[in-house]
Amino acid sequence: MKRPSSSLTVSGNALALAISNPGALGTIDAYISAVNRLPVLSAEQEIDLGRRLRDHGDLDAARQLVLSHLRLVVSVARQYLGYGLPHADLIQEGNVGLMKAVKRFDPERGVRLVSFAVHWIKAEIHEYIVRNWRLVKVATTKAQRKLFFNLRSMRPDGKTLDSEQVDEIARELNVRREDVSEMEVRLSGRDMSLESQDDDEDAYAPIAYLSDEGRQEPTRVLERKANDAMQSEGLSSALEALDPRSRHIIEARWLQDDGGATLHELAQEYGISAERVRQIEAAALKKMRGSLSA
């Protein structure tokens, strides 16, 4: 059986170092040029290498299978340049998918590695694009991913979809029309920095108006509730520490909605002077402050 060409091994020495970083050869063009010079394996060579990897864990066989299919990764990655991500990064992620495909390749199934590997290469590139295209993920469910990678090409002239077009795309991709409309909005939007990118102190950025300094900010709401509860419970405990007369005077003077009783009114109620009521009140308030600060 014919063995793989020795030029594959020799030419692949530098490429083996560049698989995880396509820019390691200098430029992406240099990498692509080197990849395209590698010979393509015949079906017999591919089966032989696949068996050596499967039966003996031959890492050199795996290396040759990977190197001979790097041009496939370049070709697939080129299809995703429209997402604005670096070609080298797309190739790098595709190479990861290729290595996963080689690891799972069964030479006895009668399927060429090129057909089997395309799925794994695209899967890794898709995951990379979804993870890095925006700061905020735009596609997390299966339906959203399907729309993310198909809706752009299905939109006529990039224009906003009308109701009939939304229904047509929903039927073709077997998703809900609501998902189509939502993804169209997501793809049409863009990321916006919360803070100003300028050094100008007067620059008006979203952080200036999204931050609520009022009463609705969640942590402030919780702090207020905790503080109100503490004050309510503390006040009750402080009042319970007073004798009945002192407590009544404090409640009558400070805890009434109608403004509270006067010193003279309480003096008449207890048959004592207004000055004595004031002294009792002062002593009670001092005792309560001690209880609340404890």
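**A guided tour of the predicted model**

Begin by selecting Glu108, which counts as partly exposed at 42% relative accessibility (buried means under 20% relative accessible area, exposed over 50%, and partly exposed in between, with a 1.4 Å probe and protein chains only). Before going further, note that this is a predicted model, in which local features need pLDDT of at least 70 and side-chain atom pairs count only at pLDDT 80 or more, while totals for chains, interfaces and linings use all residues. Residues are numbered from 1 along each chain as its sequence is written, and side-chain values use heavy atoms, with hydrogens and water left out.

Keep Glu108 selected and add Arg54, because these two form a salt bridge with their closest N and O atoms 3.4 Å apart (a salt bridge is a side-chain nitrogen of Lys or Arg within 4 Å of a carboxyl oxygen of Asp or Glu). This pair links distant parts of the chain, since Glu108 sits in the loop between α6 and α7 and Arg54 in helix α3, 54 residues apart (helices, H or I with at least four residues, are DSSP runs numbered from the N terminus).

Next add Asp106, whose side chain meets that of Arg54 in a salt bridge of 3.6 Å, N to O. Arg54 lies in helix α3 (residues 43–56) and Asp106 in the loop between α6 and α7 (113–132), so this pair ties together parts that are 52 residues apart in sequence. Asp106 also forms a salt bridge with Arg109, the closest N and O atoms being 4.0 Å apart. Shared partners join Arg51, Arg54, Asp55, Asp106, Glu108 and Arg109 into one network of salt bridges.

Move on to Tyr83, in the loop between α5 (70–78) and α6 (87–104), which counts as buried at 10% relative accessibility. Its C-alpha atom is separated by 7.6 Å from that of Ile129, although the two residues are 46 apart along the chain.

Now select Trp254 in helix α14 (residues 244–254), which counts as exposed at 52% relative accessibility.

For a last stop, select residues 263–282, which UniProt lists as "DNA-binding region" in an unreviewed entry; such annotations may be inferred rather than shown by experiment. In the model this span is 85% helix and 0% strand, and its end C-alpha atoms lie 12 Å apart.

Key
Helix = DSSP H or I, 4+ residues; strand = E, 2+ residues; numbered from the N terminus.
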